[in-house]
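The report that follows walks through one protein model, moving from a single residue outward to the metal site, the packing and the overall fold. Please keep the sequence and the structure at hand while reading.

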Amino acid sequence: MPIEWRDKLSVGEPTIDADHKMLIKMINDFEAQANIDFTRQLLSDTLKSLLEYGKAHFAREEMLQVRMGYLYHDSHRQEHRRLIRDIEAFARTYMTDASLELTPAVKMHILHFLRDWLINHIIDQDLKMKPFVMRQR
Ligand SMILES: [Fe+2]
């Protein structure tokens, strides 16, 4: 099931929401393509793009937080570092084991990890910024 954007995911800042929508799209595209042909190349391209886009997004978000004087800027930055490490470790696990069979169960596990990474860690954490974003208006 693809992830659907809903208004309650909005942090109230259009550039950050646009980034989150893009990350959702990347995971949904991965799911759609993996349902047709689940390959190591697809998995490696997806993890690479998520890591690249995720890093750029985190940098944009950290800049915004500094600009608006967000109180938890420092712990949020630490959290971003941890999220990068998590996806790098995940990529290492999956990309270095050549004997790993890409079964439907493995696909489900990967999708579960990616959704959790994005929705529970990235978007839920970012929603704590919303009152600060609203105060800027
Ligand atoms: Fe974010």
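## A histidine beside the metal site

H76 is placed in helix α3. In this predicted model, H76 counts as buried, because its relative accessibility is 5%, below the 20% under which a residue is called buried. Apart from neighbours within four places in sequence, H76 is in contact with E61, Q65, Y70, Q125 and D126. Two of these names, E61 and D126, return among the protein donors of the iron ion.

## The iron ion

The protein donors of the iron ion are H20 and H57, each through NE2, together with E61 through OE and D126 through OD, and they lie 1.9 to 2.4 Å from the ion. Along the chain these donors follow the spacing H-x36-H-x3-E-x64-D. Because E61 belongs to helix α2 (residues 40-67) and D126 to helix α4 (residues 104-126), the pair ties together parts of the chain that are 65 residues apart in sequence.

What arrangement do the four donor atoms form around the iron ion? The angles they subtend run from 80 to 159°, and the arrangement is therefore irregular. For a tetrahedral label all angles would have to lie between 85 and 135 degrees, a range that the computed angles of 80 to 159° do not respect.

Both E61, with a relative accessible area of 0%, and D126, at 1%, are buried. The table sets these two beside three further residues for which accessibility was computed.

| Residue | Relative accessible area | Class |
|---|---|---|
| E61 | 0% | buried |
| D126 | 1% | buried |
| H76 | 5% | buried |
| E13 | 15% | buried |
| N120 | 38% | partly exposed |

## Two nonpolar cores

The largest nonpolar core has 29 residues, and those with the most contacts inside it are I27, F30, L47, L50, I110, L114 and L118. Two or more residues of this core come from each of α1 (14-36), α2, α3 (73-96) and α4, with α4 giving the most, nine residues. As a general background, nonpolar side chains in soluble globular proteins tend to be buried together.

I110 illustrates the packing: when its neighbours within four places in sequence are left aside, I110 is in contact with F30, F38, L43, F90 and Y94. A second core, separate from the one just described, has eight residues, including L64, Y70, F132 and V133.

Two of the residues named in this second core, L64 and V133, are also touched by E13, which in addition touches R137, not counting residues up to four places away in sequence. E13 itself is found in the segment before α1, and E13 counts as buried at 15% relative accessibility.

N120, by contrast, is partly exposed at 38% relative accessible area. N120 sits in helix α4, where, neighbours within four places in sequence aside, its contacts are R115 and Q125.

## Annotation and confidence

The UniProt record, an unreviewed entry, places the feature "domain: Hemerythrin-like" at residues 15-132. Over residues 15-132 the chain is 85% helix and 0% strand, with the end C-alpha atoms 15 Å apart.

As to confidence, the chain averages a pLDDT of 93, and 100% of the residues score at least 70. Among the elements of the chain, α1 has the highest mean pLDDT (96), whereas helix α5 (residues 130-136) has the lowest (87).

Conventions: Residues numbered from 1 in each chain as written. Heavy atoms only, no water. Donors = N, O, S within 2.8 Å, 3.2 Å for Na, K, Ca; no water. Tetrahedral: all angles 85-135°; square planar, octahedral: opposite > 155°, others 65-115°. Helix = DSSP H or I, 4+ residues; strand = E, 2+ residues; numbered from the N terminus. Buried < 20%, exposed > 50% of the residue type's maximum accessible area, 1.4 Å probe, protein only. Core = buried A, V, L, I, M, F, W, Y, C linked by side-chain atoms within 4.5 Å. Contact = heavy atoms within 4.5 Å. UniProt positions renumbered as here; feature names shortened; annotations may be inferred. pLDDT = per-residue confidence, 0-100.
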